[in-house]
Amino acid sequence: MRILGLDVGDKTIGVAVSDPLGLTAQGITTINRKKEDDDIAELKKICEEYSVETIVCGLPKNMNGTLGEQGKKVLEFCNILKEKVKIPIKMWDERLTTAAAERAMLEANLSRAKRKKIVDKMAATYILQGYLDSV
């Protein structure tokens, strides 16, 4: 039972996948966004490669719990993705996941250039691991 974790942004999509038992999350890639159809095709390919049964997507909320502009964009993208890949999608509150990923990378003394390359993949890993820990 593999679960895919996504951190959807305007420029990139961080991607993580669970181990077959659904216990741990590993970051696998960052997709540089092009056109929506291309992004969805890439995600579909990953879902097939890993035999994904569920997708968990980070939902950016404001600190007061309301949905902002970015949250609405993510929901819209996920509705289209769900239609195209035919895999259930669960939304997961992603508040502070990018900040946590940044903090972890700073503690590991990664350069700014390296952090920039992997922050979205790390955020997807945090989103997915949070979900896995809750079920």
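The following passage describes the sheet of a predicted model, the helices packed on it, and two residues, Ser 18 and Asp 19. Local features of this predicted model require pLDDT of at least 70 and side-chain atom pairs pLDDT 80 or more, whereas totals for chains, interfaces and linings use all residues. Residues are numbered from 1 along each chain as its sequence is written, and side-chain values use heavy atoms, with hydrogens and water left out.

Five strands form an open sheet of mixed pairing, in the order E3-E2-E1-E4-E5. E3 and E5 occupy the edges with a single partner strand each, so one side of each lacks a neighbour in the sheet. From one strand to the next the twist averages 25°. Strands (E, at least two residues) and helices (H or I, at least four) are DSSP runs numbered from the N terminus, and two strands are taken to pair if DSSP finds at least two bridges between them.

At one edge, E2 and E3 pair in the antiparallel sense over seven bridges. At the other, strand E4 (residues 52–59) and strand E5 (residues 89–93) pair in the parallel sense over five bridges, and Ile 55 has Ile 89 in E5 as its bridge partner. A right-handed β-α-β unit is made by E4, helix H2 (residues 69–85) and E5; right-handed denotes a path from the first strand over the helix to the second that runs clockwise with the strands pointing away from the viewer.

Helix H1 (residues 36–50) lies across E1, E2, E3 and E4, running at about 155° to E3. H2 packs on the sheet, where it touches E1, E2, E4 and E5, and its direction makes about 165° with that of E4. Angles run from 0 to 180 degrees between N-to-C directions, with axes fitted to C-alpha atoms, for helices over the stretch in contact; contact means heavy atoms within 4.5 Å.

Ser 18 is found in strand E2, and its bridge partner in E3 is Ala 25. Ser 18 counts as buried because its relative accessibility is 0%, buried being under 20% relative accessible area (1.4 Å probe, protein chains only). Leaving aside neighbours within four places in sequence, Ser 18 is in contact with residues including Ile 3, Leu 128 and Leu 132.

Asp 19 is found in the loop between E2 and E3 and, at 14% relative accessibility, also counts as buried. With neighbours within four places in sequence left aside, Asp 19 is in contact with Met 1, Arg 2, Thr 24 and Gln 26. The side chain of Asp 19 reaches the backbone nitrogen of Thr 24 at 2.6 Å.

Terms used:
Buried means under 20% relative accessible area, exposed over 50%, partly exposed in between (1.4 Å probe, protein chains only). A polar contact is a pair of N or O atoms within 3.5 Å; within protein, one must be able to donate a hydrogen and the other to accept it, and residues adjacent in sequence count only if both atoms are side-chain atoms.
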